[in-house]
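Please open the model in your viewer and keep the selection panel at hand. The tour below goes from one selection to the next and says at each stop what is there.

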Amino acid sequence: MMANAERRRSRATVRVAIALAAMLLGGAAASAPVTVGGPFTLTDGDGTVVTEARFRGKWLLVYFGFTHCPVACPTALLEVADALHRLGDAAAAVQPLFITVDPERDTAATLRDYVGSFDPRIVGLTGTAEQIDRVARAYGVVYEAHRRGPDDRDYVVDHSTYIYLMDPAGNFVRGFDAEATGADIAAALRARMGSRPATTVP
Ligand code: NI
(Lines give C-alpha, C1' and ligand atoms only; values in the text may rest on other atoms or scores of the structure.)
Protein backbone atom coordinates (compact mmCIF):
# COMPACT_ATOMS: atom_id res chain seq x y z
CA MET A 1 0.00 0.00 0.00
CA MET A 2 2.76 2.37 1.03
CA ALA A 3 4.71 1.61 -2.12
CA ASN A 4 1.64 2.24 -4.28
CA ALA A 5 0.93 5.56 -2.64
CA GLU A 6 4.53 6.58 -3.10
CA ARG A 7 4.50 5.54 -6.73
CA ARG A 8 1.33 7.54 -7.33
CA ARG A 9 2.80 10.60 -5.67
CA SER A 10 6.00 10.20 -7.63
CA ARG A 11 4.08 9.92 -10.92
CA ALA A 12 2.08 13.05 -10.06
CA THR A 13 5.29 14.93 -9.31
CA VAL A 14 6.85 13.87 -12.59
CA ARG A 15 3.70 14.89 -14.50
CA VAL A 16 3.78 18.38 -12.95
CA ALA A 17 7.51 18.66 -13.61
CA ILE A 18 7.08 17.79 -17.28
CA ALA A 19 4.17 20.18 -17.76
CA LEU A 20 6.15 22.92 -16.05
CA ALA A 21 9.26 22.32 -18.09
CA ALA A 22 7.21 22.60 -21.27
CA MET A 23 5.60 25.81 -20.11
CA LEU A 24 8.76 27.39 -18.73
CA LEU A 25 10.62 26.75 -21.94
CA GLY A 26 7.85 28.33 -23.97
CA GLY A 27 6.41 25.18 -25.49
CA ALA A 28 2.71 24.61 -25.93
CA ALA A 29 2.89 21.01 -24.79
CA ALA A 30 1.38 21.57 -21.35
CA SER A 31 -2.01 19.95 -21.77
CA ALA A 32 -3.39 20.82 -18.34
CA PRO A 33 -3.35 24.29 -16.83
CA VAL A 34 -0.51 24.58 -14.35
CA THR A 35 -0.20 27.42 -11.92
CA VAL A 36 3.16 28.43 -10.55
CA GLY A 37 3.57 30.01 -7.16
CA GLY A 38 1.07 30.79 -4.44
CA PRO A 39 0.84 31.55 -0.76
CA PHE A 40 3.65 30.54 1.58
CA THR A 41 4.75 30.96 5.17
CA LEU A 42 8.52 30.93 5.68
CA THR A 43 11.23 32.48 7.85
CA ASP A 44 13.60 35.21 6.65
CA GLY A 45 17.23 35.84 7.55
CA ASP A 46 16.32 37.72 10.72
CA GLY A 47 14.23 34.82 11.94
CA THR A 48 11.00 36.71 11.15
CA VAL A 49 8.04 34.72 9.86
CA VAL A 50 7.01 36.08 6.47
CA THR A 51 4.34 35.29 3.88
CA GLU A 52 4.09 36.08 0.17
CA ALA A 53 2.19 39.27 1.14
CA ARG A 54 5.44 40.80 2.42
CA PHE A 55 6.80 40.85 -1.14
CA ARG A 56 3.72 42.17 -2.99
CA GLY A 57 4.50 45.12 -5.20
CA LYS A 58 7.93 43.77 -6.16
CA TRP A 59 9.03 41.78 -9.16
CA LEU A 60 10.27 38.53 -7.67
CA LEU A 61 13.08 36.30 -8.84
CA VAL A 62 12.43 33.06 -6.97
CA TYR A 63 15.05 30.31 -6.80
CA PHE A 64 15.16 27.11 -4.78
CA GLY A 65 18.48 25.67 -3.63
CA PHE A 66 20.75 25.09 -0.64
CA THR A 67 23.90 26.62 0.76
CA HIS A 68 26.02 23.46 0.43
CA CYS A 69 25.26 23.29 -3.30
CA PRO A 70 28.51 22.88 -5.23
CA VAL A 71 27.67 24.54 -8.55
CA ALA A 72 24.06 25.27 -9.55
CA CYS A 73 23.15 27.61 -6.69
CA PRO A 74 26.32 29.71 -6.69
CA THR A 75 25.99 30.06 -10.47
CA ALA A 76 22.34 31.13 -10.30
CA LEU A 77 22.98 33.57 -7.46
CA LEU A 78 25.92 35.13 -9.30
CA GLU A 79 23.68 35.72 -12.33
CA VAL A 80 20.90 37.16 -10.16
CA ALA A 81 23.40 39.47 -8.44
CA ASP A 82 24.70 40.50 -11.86
CA ALA A 83 21.13 41.21 -13.03
CA LEU A 84 20.58 43.50 -10.02
CA HIS A 85 23.80 45.31 -10.77
CA ARG A 86 22.83 45.79 -14.41
CA LEU A 87 19.39 47.10 -13.48
CA GLY A 88 20.85 49.92 -11.44
CA ASP A 89 18.15 51.98 -9.72
CA ALA A 90 15.43 49.85 -11.32
CA ALA A 91 16.59 46.98 -9.10
CA ALA A 92 14.72 48.66 -6.25
CA ALA A 93 11.54 47.16 -7.75
CA VAL A 94 13.04 43.66 -7.82
CA GLN A 95 13.27 41.22 -4.92
CA PRO A 96 15.27 38.01 -5.37
CA LEU A 97 14.26 35.18 -3.04
CA PHE A 98 16.42 32.13 -2.34
CA ILE A 99 14.29 29.41 -0.74
CA THR A 100 16.23 26.53 0.78
CA VAL A 101 15.41 22.92 -0.02
CA ASP A 102 17.69 21.93 2.89
CA PRO A 103 15.96 23.45 5.93
CA GLU A 104 17.77 21.02 8.24
CA ARG A 105 21.19 22.60 7.63
CA ASP A 106 20.16 26.01 6.29
CA THR A 107 19.16 28.04 9.32
CA ALA A 108 17.95 31.62 8.91
CA ALA A 109 21.37 33.03 9.84
CA THR A 110 23.26 30.57 7.60
CA LEU A 111 21.08 31.57 4.66
CA ARG A 112 21.39 35.29 5.32
CA ASP A 113 25.18 35.09 5.35
CA TYR A 114 25.22 32.91 2.26
CA VAL A 115 22.93 34.99 0.03
CA GLY A 116 24.46 38.18 1.41
CA SER A 117 27.84 37.10 0.06
CA PHE A 118 26.33 37.32 -3.45
CA ASP A 119 24.26 40.46 -2.89
CA PRO A 120 22.76 41.80 0.34
CA ARG A 121 19.50 42.50 -1.51
CA ILE A 122 18.81 38.79 -1.95
CA VAL A 123 16.54 37.41 0.77
CA GLY A 124 17.07 33.84 1.99
CA LEU A 125 14.03 31.95 3.24
CA THR A 126 13.84 28.78 5.28
CA GLY A 127 11.06 27.00 7.16
CA THR A 128 9.95 23.67 8.50
CA ALA A 129 10.31 20.66 6.23
CA GLU A 130 6.55 20.83 5.68
CA GLN A 131 6.57 24.53 4.78
CA ILE A 132 9.42 23.99 2.33
CA ASP A 133 7.68 21.00 0.80
CA ARG A 134 4.51 23.03 0.30
CA VAL A 135 6.15 26.03 -1.36
CA ALA A 136 8.33 23.78 -3.52
CA ARG A 137 5.25 21.96 -4.75
CA ALA A 138 3.50 25.25 -5.47
CA TYR A 139 6.38 26.16 -7.78
CA GLY A 140 6.64 22.68 -9.28
CA VAL A 141 10.13 22.31 -7.81
CA VAL A 142 11.46 18.79 -7.42
CA TYR A 143 14.20 18.07 -4.87
CA GLU A 144 15.71 14.98 -3.31
CA ALA A 145 18.55 14.49 -0.83
CA HIS A 146 21.31 11.97 -1.52
CA ARG A 147 23.78 10.91 1.13
CA ARG A 148 27.42 11.03 0.10
CA GLY A 149 29.03 9.10 2.95
CA PRO A 150 28.53 7.43 6.32
CA ASP A 151 27.82 10.78 8.01
CA ASP A 152 24.09 11.60 8.12
CA ARG A 153 24.85 15.23 7.47
CA ASP A 154 27.00 14.58 4.44
CA TYR A 155 24.46 14.85 1.66
CA VAL A 156 23.63 16.88 -1.40
CA VAL A 157 20.16 17.84 -2.56
CA ASP A 158 19.34 17.46 -6.24
CA HIS A 159 16.93 20.23 -7.15
CA SER A 160 15.22 22.01 -10.04
CA THR A 161 17.25 24.96 -11.26
CA TYR A 162 14.71 27.36 -12.74
CA ILE A 163 14.59 30.97 -11.68
CA TYR A 164 10.93 32.05 -11.55
CA LEU A 165 9.94 35.60 -12.42
CA MET A 166 6.77 36.71 -10.64
CA ASP A 167 5.03 40.05 -11.24
CA PRO A 168 4.20 42.58 -8.49
CA ALA A 169 0.77 40.97 -8.03
CA GLY A 170 2.38 37.57 -7.42
CA ASN A 171 1.57 36.07 -10.83
CA PHE A 172 4.03 33.86 -12.66
CA VAL A 173 5.56 35.61 -15.69
CA ARG A 174 8.24 33.26 -16.97
CA GLY A 175 11.07 30.99 -15.95
CA PHE A 176 14.78 31.17 -16.67
CA ASP A 177 16.73 27.96 -17.10
CA ALA A 178 20.27 27.36 -15.88
CA GLU A 179 21.74 28.89 -19.05
CA ALA A 180 20.26 32.33 -18.40
CA THR A 181 22.81 35.07 -17.73
CA GLY A 182 22.47 38.16 -15.59
CA ALA A 183 22.16 40.16 -18.82
CA ASP A 184 19.27 37.92 -19.98
CA ILE A 185 17.47 38.31 -16.68
CA ALA A 186 17.99 42.06 -16.52
CA ALA A 187 16.77 42.48 -20.11
CA ALA A 188 13.64 40.43 -19.45
CA LEU A 189 12.88 42.45 -16.35
CA ARG A 190 13.42 45.77 -18.13
CA ALA A 191 11.13 44.72 -20.96
CA ARG A 192 8.32 44.03 -18.51
CA MET A 193 8.93 46.80 -16.02
CA GLY A 194 8.33 49.42 -18.68
CA SER A 195 10.73 51.95 -20.08
CA ARG A 196 12.98 53.40 -17.46
CA PRO A 197 16.21 55.26 -17.95
CA ALA A 198 18.84 52.72 -18.86
CA THR A 199 21.72 52.27 -16.47
CA THR A 200 24.86 51.56 -18.41
CA VAL A 201 27.09 48.85 -17.05
CA PRO A 202 30.58 48.68 -18.50
NI1 NI B 1 21.87 24.14 -5.85
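The stops that follow begin at a metal site, go on to a sheet and a group of aromatic rings, and end at a hairpin.

Please keep in mind throughout that this is a predicted model.

**The nickel ion**

Select the nickel ion first, together with its protein donors, which are Cys69 through SG, Cys73 through SG and His159 through NE2, at 1.9 to 2.1 Å from the ion. If you trace these donors along the chain, you will find that they follow the spacing C-x3-C-x85-H. Colouring by accessibility shows that Cys69 is buried, with a relative accessible area of 9%, and that Cys73 is buried as well, with a value of 0%.

**His146 and its surroundings**

Next, select His146, which belongs to strand β6, residues 143–147. Is this histidine buried, partly exposed or exposed? Its relative accessibility is 33%, and His146 therefore counts as partly exposed. Leaving aside residues up to four places away in sequence, His146 touches Asp154, Tyr155, Val156 and Asp158. With Asp158, the side chain of His146 makes a polar contact of 2.9 Å. With Val156, the C-alpha to C-alpha distance is 5.4 Å, although the two residues are 10 apart in sequence.

From here, move to Gly140 in the loop between α4 (129–138) and β6; with a relative accessibility of 12%, Gly140 counts as buried. A distance monitor from the C-alpha of Gly140 to that of Ser160 should read 8.6 Å, for residues that are 20 apart in sequence.

**The five-stranded sheet**

Now switch to a cartoon view and select the strands in the order β5-β4-β3-β8-β9, which form an open sheet with mixed pairing. The edges are taken by β5 (123–125) and β9 (172–176), and because each has a single partner strand, one side of each is left without a neighbour in the sheet. On average, and with direction ignored, neighbouring strands of this sheet are turned by 25° against each other.

Within the sheet, which sense of pairing joins β3 and β4? Strand β3, residues 59–65, and strand β4, residues 94–100, are parallel and share seven bridges, and one place to see the register is Phe64, whose bridge partner in β4 is Ile99. On the other hand, β3 and β8 pair in the antiparallel sense over four bridges, with Ile163 in β8 as the bridge partner of Tyr63.

While β4 is still highlighted, select Thr100, which lies in that strand and is buried, with a relative accessible area of 0%. Polar atoms of its side chain can be checked against two backbone positions: the oxygen of Gly65 at 3.5 Å and the nitrogen of Asp102 at 2.8 Å. Beyond residues up to four places away in sequence, the contacts of Thr100 include Leu111, Leu125 and Ile132.

**The aromatic cluster**

Show the aromatic side chains next; nine aromatic pairs are found in the whole structure. One of them joins Phe64 and Tyr164 in an edge-to-face arrangement, with 6.4 Å from centre to centre and 90° between the planes. Since Phe64 lies in strand β3 and Tyr164 in strand β8 (residues 163–166), the pair ties together parts that are 100 residues apart in sequence. Phe64, at 0% relative accessibility, counts as buried, and Tyr164 is buried too, with a relative accessible area of 1%.

Tyr164 has a further partner in Tyr139: their ring centres are 5.3 Å apart and their planes stand at 65°, so this pair is also edge-to-face. It links distant parts of the chain, with Tyr139 in the loop between α4 and β6 and Tyr164 in strand β8, 25 residues apart. To see the wider group, select Phe64, Tyr139, Tyr162, Tyr164 and Phe172, which ring pairs link into a cluster.

**Strand β8 and the hairpin to β9**

Finally, isolate β8 and look at each face in turn: Ile163 and Leu165 lie on one side, Tyr164 and Met166 on the other, and all of them are buried. In a regular strand the side chains alternate between the two faces of the sheet. Strands β8 and β9 run antiparallel and are joined by four bridges, and Met166 stands opposite Phe172 in β9. The last selection is Gly170, which takes a positive phi near 95° in the hairpin of β8 and β9, where five residues lie between the strands.

Technical notes. Residues numbered from 1 in each chain as written. Predicted model: local features only at pLDDT ≥ 70, side-chain atom pairs only at ≥ 80, totals over all residues. Heavy atoms only, no water. Donors = N, O, S within 2.8 Å, 3.2 Å for Na, K, Ca; no water. Buried < 20%, exposed > 50% of the residue type's maximum accessible area, 1.4 Å probe, protein only. Helix = DSSP H or I, 4+ residues; strand = E, 2+ residues; numbered from the N terminus. Contact = heavy atoms within 4.5 Å. Polar contact = N/O pair within 3.5 Å; in protein donor to acceptor, adjacent residues only side chain to side chain. Pairing = 2+ DSSP bridges. Axes fitted to C-alpha atoms, helices over the stretch in contact; angles between N-to-C directions. Phe/Tyr/Trp six-rings, centres within 6.5 Å; stacked < 30°, edge-to-face > 60°.
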